[in-house]
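User: Please take a close look at one part of this molecule, beginning with a single residue and working outward to the core, the sheet and the enclosed spaces around that part. A connected account would serve better than a list.

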Amino acid sequence: METNNKKARDRAKNPKLRLPELLPAAVLLGGIALLLTLFLLAPDREFSDQENRKLAQRPEFSLSALADGSFYGDLGDYLADQFPGRDLWIGLNLKLNQFFGQQESSGVYLGADGYLIQAPGEPDAENLDRNIRAINSFGAKYGDLRHTMAIIPNAATIHADKLPANAPVRDQRADLADLKGRITGAAFADVTEALESKQDEYLFYKTDHHWTSLGACHAFTALAPTLGISAPAMDSYKVYPVSDSFEGTLASRSGSHAARDRVDIYVPDTDVQYYVNYVDSQKRVSSLYSREALEQKDHYTVFFGGNHSRVDITTTADTDRCLLLLKDSYANCFVQFLYPHYDRILMLDPRYYYGDLENLVSSQAVTDVLFLYNADTFLGDTSLADVLTVEQSE
């Protein structure tokens, strides 16, 4: 006992003896101080090129936000998004997970052959019911139009063989079968089997949640009879690769950068000419494609430069048909197969569109309606019903 007390007195008298014991704590405190300094001095980022999304900004304090708890949630999002070296930490987290044998990162499965596959989300039951009622009511109101609906299964369904063994994924086939049974306002065209029959081909990007132009082409061939279109043969398209270095949102989210994707555009063998009108900006161009997008991170936005509230396409097809296309981003690469078959295509993205749909249908002499979404987006959509029922708000 006396010996231990003597050692303690010696350490107290001689600080040098305590240095090895204090070093870990000093390093930890220094690291925290450094991160705090960087956090305070570095300007907040508005957008992450690595993750291809907007980052949370500093929340405004209010008593109401404090009372309902939203302030703390917003503050947590802000601290996470603006954390110094965030991109580096995401990559290190992936390496650590892989070291311990994990095959999932931030909701993304690390699949075979370099595939990154998004885990399908749970449907938003309340909004799904609203959307189905709105679609059925819209179809009944405009019964003289041709209504078609195509909800595209995601890579987790079509490329299930690429998933890690025993990876838990939602059964989108069952979701689509249930949806088909509840839709009365449109002809429901399920392209699942058509895509599965080509699953060995390049139907979905390895690093992104979108399908490829080839996947869209196979779906168009399967969908054409329901649309009242005679689909041309596959070899009637000229295929142009416009990028071989695409790294999509799933690579950004997971931190995996082991693969790159090729982006192709398909040009039909047709004499039909067209021009594209971006209605909000009143910009008119003669191409469906945005070359400038290939200079940005997200090369999928080569199709129309991304999503817009409304885009009108006018053609020389002379078919007396006008298509109203209610869509998400999956439709952006699908339109390259549609345009030779309609005089006009009115592309609306309900997430951004706030116009009067009833007036649009009548003023533009719409003859056909197509709902085209990927399954994950549609089953969680919160916007479509509001657009379809806007005329009932008078």
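Analyst: **A residue and its surroundings**

Thr 212 is found in the loop that lies between α9 (192–196) and α10. The model described here is a predicted one. Thr 212 has a relative accessible area of 3% and therefore counts as buried, since buried means under 20%. Apart from its neighbours within four places in sequence, Thr 212 is in contact with Tyr 202, Leu 203, Phe 204, Tyr 205 and Cys 333.

Two of these contact partners, Phe 204 and Tyr 205, also appear in the lining of the largest cavity. That lining further includes Leu 116, Ile 117, Gln 118, Asn 154, Ala 155, Asp 208, His 209, His 210 and Leu 250. Strand β5 (residues 116–118) supplies the largest share of the lining, three residues. By class, the lining comprises six nonpolar residues, four polar residues and one charged residue. The space in this largest cavity is about 70 Å³, and three cavities of 30 Å³ or more are counted.

The nonpolar core comes next. The largest nonpolar core has 61 residues. Those with the most contacts inside this core are Trp 211, Phe 303, Phe 304, Leu 325, Phe 334, Leu 338 and Ile 345. Helix α10 contributes the largest share of this core, eight residues. A second, separate core has 34 residues, among them Ile 151, Leu 324, Val 366 and Ala 385.

Phe 304 links several parts of this account. Leaving aside neighbours within four places in sequence, its contacts are Val 276, Tyr 278, Leu 288, Tyr 289, Val 311, Ile 313, Asn 332, Val 335 and Met 347. Phe 304 also lines the second largest pocket, as do Tyr 278 and Tyr 289. The other lining residues of this pocket are Ser 281, Lys 283, Val 285, Ser 287, Ser 290, Glu 292, Gly 305 and His 308. The pocket has a volume of about 190 Å³, and its lining is made up of four nonpolar, five polar and two charged residues.

The contacts of Phe 304 with Val 311 and Ile 313 lead to strand β12 (residues 310–315), which is largely enclosed by the rest of the structure because five of its six residues are buried. Strand β10 (residues 274–278) pairs with β12 in the antiparallel sense over five bridges, and Tyr 274 has Thr 315 in β12 as its bridge partner. Strand β14 (residues 344–348) likewise pairs with β12 in the antiparallel sense over five bridges. Here Val 311 stands opposite Met 347 in β14.

These strands belong to an open sheet of eight strands, in the order β7-β6-β15-β13-β14-β12-β10-β11, with mixed pairing. The edge strands are β7 (187–188) and β11 (283–285), each of which pairs on one side only. Strand β6 (residues 146–152) and β7 run parallel and are joined by two bridges; Met 149 stands opposite Phe 188 in β7.

At the other side of α10 in sequence, Ser 230 is placed in the loop between α10 (213–227) and β8 (237–246). Is Ser 230 buried or exposed? Its relative accessibility is 68%, so Ser 230 counts as exposed, the cut-off for that class being over 50%. Ser 230 and His 341 lie 111 residues apart in sequence, while their C-alpha atoms are 8.9 Å apart in space.

Methods
Residues are numbered from 1 along each chain as its sequence is written. This is a predicted model: local features need pLDDT of at least 70, side-chain atom pairs count only at pLDDT 80 or more; totals for chains, interfaces and linings use all residues. Side-chain values use heavy atoms; hydrogens and water are left out. Helices (H or I, at least four residues) and strands (E, at least two) are DSSP runs, numbered from the N terminus. Buried means under 20% relative accessible area, exposed over 50%, partly exposed in between (1.4 Å probe, protein chains only). On a 1 Å grid over the protein atoms alone, a cavity is a set of points where a 1.4 Å probe fits but cannot get out, and a pocket is an open set with protein on both sides within 12 Å along at least five of seven lines; lining residues have an atom within 4 Å of a point. Grid points are joined across faces, edges and corners, and a volume is the space filled by probe spheres set on the points. Ala, Val, Leu, Ile, Met, Phe, Trp, Tyr, Cys and Pro count as nonpolar, Asp, Glu, Lys and Arg as charged, and the others, Gly among them, as polar. A nonpolar core is a set of buried Ala, Val, Leu, Ile, Met, Phe, Trp, Tyr and Cys residues joined through side-chain atoms within 4.5 Å. Contact means heavy atoms within 4.5 Å. Two strands pair if DSSP finds at least two bridges between them.
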